[in-house]
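Subject: A structure for you to explore

Hi there,

Here is the structure I promised to pass on. Please open it and keep it beside you while you read my notes.

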Amino acid sequence: MSIFTGAGVALITPMHEDGSINYDEMERIVNYQIENGTDAIIVCGTTGEASTMTHEEHIETIKACVEMTKKRIPVIAGTGSNCTDTAIYLSKEAQRVGADGILVVSPYYNKATQNGLKKHFTAIAGSVDIPMILYNIQGRTGVNIQPKTIASLAKEVENIVAVKEASGDLSQVANIIYESEGRIDVYSGNDDQIVPIVALGGKGVISVLSHVAPKETHDIVAKLMAGDVKGSQELQIKLLPVIHALFSEVNPIPVKAAMNMLGFNVGSLRMPLSEMENAHKEVLRQALKDAGFNVVA
C-alpha cells in the first residue's frame, strides 16, 4: 500500500540566527503545508540539511515533526547514511519516535556496487517495521540505483515500498515501473517532471516546490490522476520558472531564500552552504512575483 499519493514536501529546517533549530517556525510551516493540501511531510532529508545535524538533533527534529503533524498526514523521516550501521540506528530511532516511514538515500562517497546497494538497503529495511522509500539521486551520491536493483528489492523485501526517483531519466522511470511489475511506488524527485512521471504510473512527487506552492503542487498530481490532463499540464508549465529559480543554486539554498521572501522566518543555512547570490535571488524574487505569490521581503 502507498504511504501517500500526491505531493509530499521535502521539509526545510528553519534555523535561528545562532544556527539552532527554530521549532516554532517549523510548526508554522508544517501547519501551513497541511492546510494547503500537502499530502505528506518528509523531514530530515537533503532539503532539511540533515547532513549537518548531530544524531541527537536529527532524532529530535523527526520527533518534533511527528508531534506537530498529529497524524493528519504521514511523516516520512530521512534516515540515510553512507554508513549502513548509522542508517540502521537512525531508522530505528525514527520508528521509535513515531515516523510513518523512512526515506533512505543510496550511500554517498563509498560508491557501492549494485550488490552492495542491495545488501545496504535490505539491512536497513530489515531493522524496522515501517515502510521504506529508496532515494535515487546520482547527482549527489555518485551511484545510480539500477532499475533491476530497485525491482529486485521491491520483490524481495516486503517493506521496501517506493522509490524517490531523481535521476532525471524518464526512460529509467519507465524501466523501474516495468521491471518492478507494479510492486513499487514511484515518486518524482524532480519538480519539473511531476506530470511525465505520474503519467507513467507514478504516485506523486517529493517536492521542494511544495514549500512555496503547496496547493498547486498537490493539484498537479490530483488533476492528472482525476483525468484533467490539460489542467495538470498548465500548472506544471506555469510553475517552471519558479522551479528553475528554486534550483539555480544547490538545494536548499534557494528555497530557504524563497520562504524568507514569502514572510516565513526560516533563517540561514549551516555551513558549508552559503547565502544565495544576489543575482540569483533577484531572478527568484521575480519568478515568484510573476507566478502570483505574495513576496513581502
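How many of the 10 residues of helix 6 (residues 147-156) are buried? Before the answer, please remember that this is a predicted model. Seven of those 10 residues are buried, so helix 6 is largely enclosed by the rest of the structure. You can pick them out on your screen: Pro147, Thr149, Ile150, Ala151, Ser152, Leu153 and Ala154. Their packing partners are two helices and two strands, namely helix 4 (114-126), helix 7 (170-180), strand 5 (132-136) and strand 6 (160-165).

**Helix 10 and the loop after it**

Helix 10 (229-238) makes a good second stop. Its buried residues are Gly231, Ser232, Leu235 and Gln236. Looking down the axis of helix 10, you would find these buried residues within an arc of 135 degrees, so they line one face of the helix. If you have not met this idea yet, a little background may help. An α-helix has 3.6 residues a turn, so residues three or four places apart point the same way. On the other side of helix 10, Lys230 and Ile237 are exposed. What lies over the buried residues of helix 10? The cover includes helix 8 (194-199), helix 9 (214-225) and helix 11.

Now move along to Leu239, in the loop that links helix 10 to helix 11 (240-246). Is Leu239 buried or exposed? Leu239 is buried, and its relative accessible area is 1%. Setting aside residues up to four places away in sequence, Leu239 touches Leu209, Glu216, Ile220 and Phe293. You can also try a distance here: Thr217 is 22 residues from Leu239 along the chain, and the C-alpha atoms of the two are separated by 9.1 Å.

**Pockets**

Next, the empty spaces. Rolling a probe the size of a water molecule over the atoms shows where empty space is left. The largest pocket has a volume of about 600 Å³. It is lined by 30 residues, and those closest to its centre are Gly45, Thr46, Ala50, Ser51 and Tyr108. Helix 2, helix 3 (84-96), strand 4 (101-105) and helix 5 (138-141) are the elements that each give two or more residues to this lining. Sorted by class, the lining of the largest pocket holds 13 nonpolar, 14 polar and three charged residues.

The second largest pocket holds about 320 Å³ of space. Among its 26 lining residues, Tyr135, Ile137, Arg140, Gly189 and Asn251 lie nearest the centre. Two or more residues of this lining come from helix 5 and from strand 8 (204-207). The largest share, three residues, belongs to helix 5. By class, the lining of the second largest pocket divides into 11 nonpolar, 12 polar and three charged residues.

**A cavity**

How many cavities of 30 Å³ or more does a search of the whole structure find? The search finds one. The space in the largest cavity is about 30 Å³. Its lining is made up of Val66, Thr69, Lys70, Lys71, Ile73, Val75, Gly98 and Asp100. Three of these lining residues are nonpolar, two are polar and three are charged.

Thr69 from that lining is worth a click. Thr69 is part of helix 2 (residues 55-69). With a relative accessible area of 1%, Thr69 is buried. Apart from its neighbours within four places in sequence, Thr69 is in contact with Val30, Ile34, Ile41 and Val75.

**Cysteines**

Last come the cysteines. A disulfide is a covalent bond between the sulfur atoms of two cysteines. A search of the whole structure finds zero disulfides. Why does Cys44 not form one with Cys65? The sulfur of Cys65 is the closest cysteine sulfur to that of Cys44, but the 8.0 Å separating them is too far for a bond. Cys83 is in a similar position: its closest cysteine sulfur, in Cys44, is 18 Å away, again too far for a bond. As for their surroundings, Cys44 is buried at 3% relative accessible area, whereas Cys83 counts as partly exposed at 32% relative accessibility.

Enjoy looking around, and write back with any questions.

Best wishes

Conventions: Residues are numbered from 1 along each chain as its sequence is written. This is a predicted model: local features need pLDDT of at least 70, side-chain atom pairs count only at pLDDT 80 or more; totals for chains, interfaces and linings use all residues. Side-chain values use heavy atoms; hydrogens and water are left out. Helices (H or I, at least four residues) and strands (E, at least two) are DSSP runs, numbered from the N terminus. Buried means under 20% relative accessible area, exposed over 50%, partly exposed in between (1.4 Å probe, protein chains only). Contact means heavy atoms within 4.5 Å. On a 1 Å grid over the protein atoms alone, a cavity is a set of points where a 1.4 Å probe fits but cannot get out, and a pocket is an open set with protein on both sides within 12 Å along at least five of seven lines; lining residues have an atom within 4 Å of a point. Grid points are joined across faces, edges and corners, and a volume is the space filled by probe spheres set on the points. Ala, Val, Leu, Ile, Met, Phe, Trp, Tyr, Cys and Pro count as nonpolar, Asp, Glu, Lys and Arg as charged, and the others, Gly among them, as polar. The arc is that of the directions from the helix axis to the C-beta atoms. A disulfide is a pair of cysteine sulfur atoms within 2.5 Å.
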